[in-house]
Amino acid sequence: MTVLIIGASGFLGSELVRQASAAGRGTAATFNSRPGDGGGAAWHQLDLRDSVRLDAVLDAVAPSTVINASSGNADWAISADSPVRLAVAAASRGIRLVHVSSDAVFSGADVHYDEAALPDPITPYGAAKATAETAVRLLHPNAAVARTSLIIGDGGSAHERLVHELVGGTRTGALFTDDVRCPVHVSDLAAALWELALTEATGVFHLAGPDAVSRYALGGLIARRDGLDPALLPAGRRADSHLPGALDVRLDSRTTRQRLSTRLRGVQEFLGKS
């Protein structure tokens, strides 16, 4: 069995490669600009917007499963169009597909969203991710779509770097007290994705932690873990900033927890109680 990880040089993709190497799994990995430093994987350059190159990589690797861990941010061609292209290519070859989506597909109007909730995005990124997951489910009925939330690690995530920059005064801005999510540790998320990849489970899964916290509270937990003074973190309200985006989005993962054996820890556990 060979699994192809798309977007393997990113934060989540790197952890997927690391876990595969530790488990001795046959793994191939793609990168856009530069390969990751994870050992044990065969690396292939891939721009998801290039359908010819996508076909070439799939034919060369001949994977049993593809995990699409690419982000693409608000670039519609990468976040929306490319997953459609990948779903068609994977389905035509009988390749299993695990597609990583985001809680950005929700507006926050309902606050709590379970796996059956329909997307109602309010940002370009959310719209792209919603389009992608809807197309994947339509074009590849046996695919698994995994929605996740803020991904935290042991110092390498974007939010962790932001906390250090804000405390150190090398970056301006604020952490919002009214922007609430359900963070997940990257190692737990990667383990859950591997469980999905190695089974035949289909449908929508919510891979988020059980604890809902604001970005400001999350920043405080990170600061205390890293020996920084949380009092130096500037606070603000997204509602006062005029920045687009949902406020309170909480992924309800109870159904997913019944289907998977991987335990997704809450942020209070993996960052330590305040």
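**Notebook: loop residue D229**

I looked up D229 and found that this residue counts as partly exposed, at 40% relative accessibility. I note at the outset that the model is predicted. D229 belongs to the loop between α7 and β14 (235-236). I then checked the side chain of D229, which reaches the backbone nitrogen of A231 at 2.9 Å. I also took the C-alpha to C-alpha distance from D229 to E160, which is 14 Å for a separation of 69 residues in sequence.

**Entry: helix α7 and its surroundings**

I moved back along the chain to helix α7, residues 215-225. I listed its buried residues as L218, G219, G220, L221, I222 and A223. I asked which elements cover these buried residues of α7. The cover includes β8 (151-152), α5, β9 (175-176), β13 (213-214) and α10 (267-270). After α7 comes G227, and I recorded a positive phi for this glycine, near 75 degrees.

**Entry: H159**

I next turned to α5 (residues 158-168), the helix that holds H159. Is H159 buried or exposed? H159 counts as buried because its relative accessibility is 7%, under the 20% cut-off. Leaving out neighbours within four places in sequence, I found H159 in contact with I152, L175, R215, L218, G219 and I222. Among these partners, L218, G219 and I222 are buried residues of α7. I also noted a polar atom of the H159 side chain 3.4 Å from the backbone oxygen of R215.

**Entry: nonpolar cores**

I looked for the largest nonpolar core and found that it has 29 residues. Within this core, the residues with the most contacts are L12, L16, L193, W194, L196 and L207. Six elements each supply at least two of its residues: β1 (2-6), α1 (11-23), β5 (96-102), β7 (144-148), α6 (186-197) and β12 (203-207). Which element gives the largest share of this core? I found that α6 does, with eight residues.

I followed L12 further and, setting aside residues up to four places away in sequence, listed A69, V100, I151, V186, L189, A190 and L193 as residues it touches. Another core, of 20 residues, lies apart from the largest one, and L58, V66, V136 and V204 are among its members. I add as background that nonpolar side chains tend to be buried together in soluble globular proteins.

**Entry: E133**

I looked up a charged residue in helix α4 (residues 124-139), namely E133. E133 counts as buried because its relative accessibility is 2%. Apart from residues up to four places away in sequence, E133 touches H99, S101, V105, P119, V145 and R147.

**Entry: L251 and the second largest pocket**

I placed L251 in strand β15. This leucine is buried, with a relative accessible area of 6%. I listed its contacts beyond four places in sequence as D103, F106, Y113, R147, T148, S149, C182, H206 and A208. For the pair L251 and S149, I noted a C-alpha separation of 7.7 Å across 102 residues of chain.

L251 also lines the second largest pocket, a space of about 150 Å³. I recorded the rest of the lining as H112, C182, G209, P210, A212, R250, D252, S253, R254 and R257. The elements that contribute two or more lining residues are β15 (250-251) and α9 (254-259). How many lining residues fall in each class? I counted four nonpolar, three polar and four charged.

**Entry: positive phi outside glycine**

I searched for positive phi values, since most residues other than glycine have a negative phi. I found A62 with a phi near 50 degrees. A62 sits in the loop between α2 (51-61) and β4 (65-68). It is exposed, with a relative accessible area of 54%, because the cut-off for that class is over 50%.

I found H242 with a positive phi of about 65 degrees, again in a residue that is not a glycine. H242 is placed in the loop between α8 (238-241) and β15. It is exposed, with a relative accessible area of 74%.

Technical notes: Residues are numbered from 1 along each chain as its sequence is written. This is a predicted model: local features need pLDDT of at least 70, side-chain atom pairs count only at pLDDT 80 or more; totals for chains, interfaces and linings use all residues. Side-chain values use heavy atoms; hydrogens and water are left out. On a 1 Å grid over the protein atoms alone, a cavity is a set of points where a 1.4 Å probe fits but cannot get out, and a pocket is an open set with protein on both sides within 12 Å along at least five of seven lines; lining residues have an atom within 4 Å of a point. Grid points are joined across faces, edges and corners, and a volume is the space filled by probe spheres set on the points. Helices (H or I, at least four residues) and strands (E, at least two) are DSSP runs, numbered from the N terminus. Ala, Val, Leu, Ile, Met, Phe, Trp, Tyr, Cys and Pro count as nonpolar, Asp, Glu, Lys and Arg as charged, and the others, Gly among them, as polar. A nonpolar core is a set of buried Ala, Val, Leu, Ile, Met, Phe, Trp, Tyr and Cys residues joined through side-chain atoms within 4.5 Å. Buried means under 20% relative accessible area, exposed over 50%, partly exposed in between (1.4 Å probe, protein chains only). Contact means heavy atoms within 4.5 Å. A polar contact is a pair of N or O atoms within 3.5 Å; within protein, one must be able to donate a hydrogen and the other to accept it, and residues adjacent in sequence count only if both atoms are side-chain atoms.
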